[in-house]
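Work through the three exercises below. Try each task before you read its solution.

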Amino acid sequence: MILLNTSAMKNISCLLIVVAALVFLPSQARAADIAFVAAASAGAASGTLTINKPTGTLQNHVMIASIGVRPNTATITPPSGWTLVQRVDNANATASSLAVYYKVAGASEGASYAWTFSTSAGSAGGIQTFSGVDTITPIDVESGQNTASSLTHASPSVTTKVARAMIVTSYSFASAATWTPPSGMTEGFDVASIAVPNVAGQSTEGAYVLQAAAGATGAKTATASNDADVGNTHILALRPPAGIAFVAAASAGAASGTLTLTINKPTGTLQNHVMIASIGVRPNTATITPPSGWTLVQRVDNANATASSLAVYYKVAGASEGASYAWTFNTSTGSAGGIQTFSGVETTAPIEAEDGQNTASSLTHATPSVTTTTARTMIVTSYSFATAATWTPPSGMTEGFDVASGAIASTGQSTEGSYVVQTTPGATGAKTATASNDADVANTHILALAASRQWNYATAAASLSPPALDPWSNLVLSGSNDNKLHGMYDADGAAAISPFATGGPIQARPAVLPAAYSSTGLNITYVTSQDGFVYAINTSTGAQVWKSTVPGSSQLQGGANVWIQAFTPSFLICGTNKDVVFVGTYNTGSTSANKIYALNGHNANVTTTGGGNCTSTTVVPGGVLWTYTGGTPNPNMDISASTPFVDLENYIWVTSRSAGGTSQPSVWKLNASNGTLASGTSTWNLGDVDASPTPGADGNVVYVGTNAGTLKAIRVSDGTVFTHTPASGSGAIKGMPWPLWYDAVGSGGETIIFTRSTTVHSVNFNGSTFSANWTKTLTGTPTLSAPVDDGANHLYVGGSDGKVHQIDANTGNNEKTVPTTAISGTMGDPTFNWDQSRLHVGGTDGHIYTFTTPF
Amino acid sequence: MVSCRGTVGRVAWILIVLCAVATFVGQTAVAESAPGTEQVREVYFGETEEDACQPGRKQFWLDELRSLHVCIVWAGLSGTYAAQLKFMSPDGNVYQAMTLAFVTAAAPASVATLEVEGRHHEVKRAGWGNKGGNLLVAALPVAGTYISQHNLAGEWKIEIALDGRTVDQESFVLRERKER
């Protein structure tokens with residue numbers, strides 16, 4: 001049988017993720033464009049102007065408010081959190097003002113926003129909400145102006161700096177009228193302060209349109225219905241999230257016989273920018289030695305007449321780069337090359353796809369087509385042939401550089417570099433550049449730079465538990481001390497669902513099930529809250545499926561383990577054959593009477609058949625199937641702060657505290673079917689345990705980390721306990737012991753990683769004996785989180801130094817840390833995203849961070 | 001029915017569900033005292049609810065603490081209120097904010113729940129303190145939580161607000177043992 005416990009059963013989680021990767025669609029195919037979400041508007045004949053929050057506004061959406069008021073001398077006080085973009089005042093007769101604001105929606109927004117005025121003879125305004133906007137720098141460019149008395153009012157033209165910007169315009173004048181939006185634009189709202197038509201009052205219009213390419217917007221003219229008057233207009237461009245951008249290029253040529261080609265570092269190149277160098281040289285037999293630190297992407301040689309070569313390299317700019325880079329050749333009858341620098345590129349694996357080819361003698365030379373798999377890639381092409389020529393870049397692409405080895409002539413070498421953003425994944429198609437003169441054979445190359453996948457998402461309080469993954473919906477799910485479950489798209493951190501509010505902090509990783517495996521038929525997550533309830537939430541909609549009927553006042557600290565009935569339909573729990581949720585209680589007022597519950601995880605009633613600790617009744621969704629209660633006649637049970645684990649033999653393993661001693665159990669083994677203690681050894685007095693139990697690779701042992709800092713291996717077959725007492729370090733074992741299910745250290749057993757207060761430990765267990773591999777204290781001696789690994793010999797732990805540490809699993813050496821500038825707080829327990837080679841981790845600053853691995 | 005009688009230095013009976021007797025929901029706070037006259041007279045800390053309202057302790061061993069109980073002694077209140085407690089971890093971040101709806105000990109209960117920022121909070125009756133004070137106790141779970149798992153030791157601060165207006169700030173210290 002197979003169960004899912006996202007905290008304790010790493011293997012099963014990984015299995016499901018792999019299954020997801022194999023069965024379901026790629027997870028990065030989300031549309032990237034800015035989109036209009038909704039608008040709301042209001043008018044007021046006098047006094048405060050209150051506008052509702054547009055329906056569907058979620059965290060990280062950007063709201064644009066356009067507030068028109070008369071007279072122009074009124075002071076305008078915006079609601080908290082709104083930033084003025086520009087206020088435009090028209091002091092002419094029937095004077096009025098237009099003030100435009102923006103706000104990035106937070107985790108918890110009110111239902112409406114109120115603008116107050118020192119005086120008002122009429123106000124009218126609206127809010128337009130957009131998704132997919134860069135939340136750090138939402139506005140690319142903006143401008144406003146007065147307009148003369150007329151029914152038509154034009155905005156200024158602005159020149160956008162980025163492609164696919166959302167143009168948002170605002171119009172307001174001192175008459176109550178309706179508006180017709182500018183040609184080609186969509187009206188977001190149209191509102192007046194008093195009934196229309198009226199020469200008095202104020203009316204305001206908001207409109208929007210997506211502009212595909214960077215450049216001038218042109219003036220945008222809206223038309224009022226009646227009572228020509230003076231007005232104010234405004235235009236702004238919302239920029240998409242920061243993706244890859246061209247920074248600058250530099251190039252150089254060297255004549256025949258010159259064996260070094262030196263190219264300046266492009267101006268503005270900064271650390272972590274990615275440089276692409278395209279080096280053309282003749283003849284094709286020349287050896288090319290790149291500067292230090294450059295990695296060859298591909299060299300393409302054309303051995304035909306006037307033979308030449310094109311070699312393409314990349315380099316991730318470091319903290320300290322030289323002023324130029326020199327390529328050397330053992331022979332050269334001409335060389336020409338350039339460097340193009342890009343920002344926002346994934347630095348660990350910058351190149352997502354690449355290919356090169358020879359081309360026949362011609363003035364036009366085409367690259368191969370490559371297929372990208374992620375959104376917002378930067379396509380970079382290179383062309384070089386054995387003629388000194390100038391080049392015209394491919395249609396739709398921008399030329400980064402165009403350089404020849406010398407004067408334009410039939411001899412020499414010339415090279416072209418160009419680029420374009422490809423918004424959606426797919427084939428690039430061949431990209432054809434054209435030389436100016438002297439057709440010749442050539443070499444071409446194309447590559448796709450992957451966009452940086454690092455993002456962060458803000459909650460309103462500390463969030464240190466490991467986030468959960470829902471690869472079926474491309475979501476990251478994380479609880480927070482702000483009492484809410486947050487769901488964000490793994491591609492860019494945009495809010496995917498409205499934060500789901502519970503009555504208490506959520507400090508355990510949610511358990512996630514896809515519809516295909518859930519008896520509910522829903523993409524569903526089970527969340528435990530300190531308010532004492534388990535919540536089943538549809539991750540596609542964010543809606544509650546059920547709330548548990550118990551335990552209520554007994555808080556829940558640990559996570560839920562979910563029995564996936566689809567994997568073992570013949571095994572019944574209390575006679576039922578639907579998904580079951582297991583939780584242990586955290587009633588700090590008792591050291592003896594805590595409980596373990598089996599809850600109906602299904603979204604419909606089930607009927608239990610009794611027996612053991614089972615109920616015998618109809619059980620509603622979230623209701624109790626069975627209860628195991630600590631205390632007479634059972635052993636006392638202290639609080640459980642961990643997530644249960646169900647083994648391959650259908651036993652539930654639970655850890656708990658033990659009233660500070662060893663006189664009562666802290667490890668429990670129960671029958672999943674009816675909640676009774678297992679036969680044979682079913683409890684172990686190991687002292688307080690907060691860490692979750694973890695299965696070994698073959699299921700023959702269960703590892704338990706105690707609060708005293710010892711690691712226990714319980715042999716499932718007979719209950720024998722093997723103990724490892726670390727020679728150094730202090731404090732409890734964090735989170736859960738973490739077995740490495742690849743042989744990182746060597747044969748003869750499995751390797752288990754665990755962390756204590758400031759130490760990371762690696763030990764080996766061969767079935768009967770522990771042996772220490774290494775123990776490390778990390779640079780700066782930060783307090784550490786629980787560890788995870790990436791299956792490639794890297795461990796990751798969060799630290800009180802505000803960083804995540806990457807550690808060599810073989811040696812324990814601290815390899816790297818991120819982010820470059822530490823957060824102001826402590827990093828929590830990380831989750832490794834196998835699907836995307838990324839790490840998700842929360843912090844005491846309330847943010848959920850994502851980093852690409854390895855660092 | 002559980003009595004809500006008590007004094008500072010004795011058991012504080014607060015946050016007792018059975019004391020809330022009214023039936024309708026969705027009301028805003030019903031405060032009878034003049035705005036600005038409310039004050040926090042004292043804030044105490046304890047390891048248990050029973051000892052929370054005793055003066056003295058402000059430092060606790062992190063590894064011994066199951067929950068930290070915070071006792072707020074209010075003066076000048078009469079009616080139903082929503083208190084907000086914002087716990088700031090030693091790094092200065094907001095660790096957790098909690099809302100406690102309560103009706104003062106001598107006031108008639110008029111509502112069963114208060115709606116604060118879109119969520120209904122059960123109104124519980126404050127305990128009796130001396131000199132007419134009202135006792136409100138909140139519990140911050142510690143054992144096995146982020147606090148103990150991540151050793152969030154150091155000086156913590158609590159911002160106390162009443163109906164959205166910050167009225168006091170206090171601190172306590174969680175100490176970590178260097179060796180076990």
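**Exercise 1. The salt bridge across the interface**

Task: Find how many salt bridges the rule gives across the interface of chain A and chain B, and state which residues form a salt bridge.

Solution:
- Step 1. Keep in mind that this is a predicted model.
- Step 2. Count. The rule finds one salt bridge across the interface of chain A and chain B.
- Step 3. Name the partners. Asp638(A) pairs with Arg66(B).
- Step 4. Check the distance. The closest N and O atoms of Asp638(A) and Arg66(B) are 2.7 Å apart. The cut-off for a salt bridge is 4 Å, so the pair qualifies.
- Step 5. Look at the classes. The side of chain A that touches chain B has 26 polar, 14 nonpolar and seven charged residues.

**Exercise 2. The extent of the interface**

Task: Describe the interface by residues in contact, by buried area and by polar contacts.

Solution:
- Step 1. Take the residues. Chain A contributes 47 residues in contact with 23 residues of chain B.
- Step 2. Choose an area measure. The size of an interface is often given as the accessible area lost when the parts come together.
- Step 3. Apply it. Chain A and chain B bury about 2500 Å² between them. Carbon and sulfur atoms account for 42% of that area.
- Step 4. Add the polar contacts. Between chain A and chain B, 21 residue pairs are in polar contact, with both residues at pLDDT 80 or more.

**Exercise 3. Two open sheets in chain A**

Task: For each sheet, give the strand order. Then explain why the edge strands have a side without a neighbour.

Solution, sheet of four strands:
- Step 1. Read the order. In chain A it is 36-69-68-67, with antiparallel pairing.
- Step 2. Find the edges. Strand 36 (455–458) and strand 67 (831–833) of chain A each have a single partner strand, so one side of each has no neighbour in the sheet.
- Step 3. Give the twist. Neighbouring strands of this sheet are turned by 20 degrees on average, direction ignored.
- Step 4. Inspect one pair. Strand 36 and strand 69 (residues 847–852) of chain A run antiparallel and are joined by four bridges. Trp455(A) has Thr850(A) in strand 69 as its bridge partner.

Solution, sheet of five strands:
- Step 1. Read the order. In chain A it is 18-25-20-23-22, again an open sheet with antiparallel pairing.
- Step 2. Find the edges. Strand 18 (245–254) and strand 22 (295–302) of chain A have a single partner strand each, so one side of each lacks a neighbour in the sheet.
- Step 3. Give the twist. It averages 15 degrees from one strand to the next.
- Step 4. Inspect one pair. Eight bridges link strand 20 (residues 274–281) and strand 23 (residues 308–316) of chain A in the antiparallel sense. Met275(A) has Lys315(A) in strand 23 as its bridge partner.

Notes: Residues are numbered from 1 along each chain as its sequence is written. Chains are lettered from A and ligands numbered from 1 in the order in which they are written. This is a predicted model: local features need pLDDT of at least 70, side-chain atom pairs count only at pLDDT 80 or more; totals for chains, interfaces and linings use all residues. Side-chain values use heavy atoms; hydrogens and water are left out. Contact means heavy atoms within 4.5 Å. Buried area is the accessible area (1.4 Å probe) that two parts lose on being put together, summed over both. A salt bridge is a side-chain nitrogen of Lys or Arg within 4 Å of a carboxyl oxygen of Asp or Glu. A polar contact is a pair of N or O atoms within 3.5 Å; within protein, one must be able to donate a hydrogen and the other to accept it, and residues adjacent in sequence count only if both atoms are side-chain atoms. Ala, Val, Leu, Ile, Met, Phe, Trp, Tyr, Cys and Pro count as nonpolar, Asp, Glu, Lys and Arg as charged, and the others, Gly among them, as polar. Two strands pair if DSSP finds at least two bridges between them. Axes are lines fitted to C-alpha atoms, for helices over the stretch in contact, and angles run from 0 to 180 degrees between N-to-C directions.
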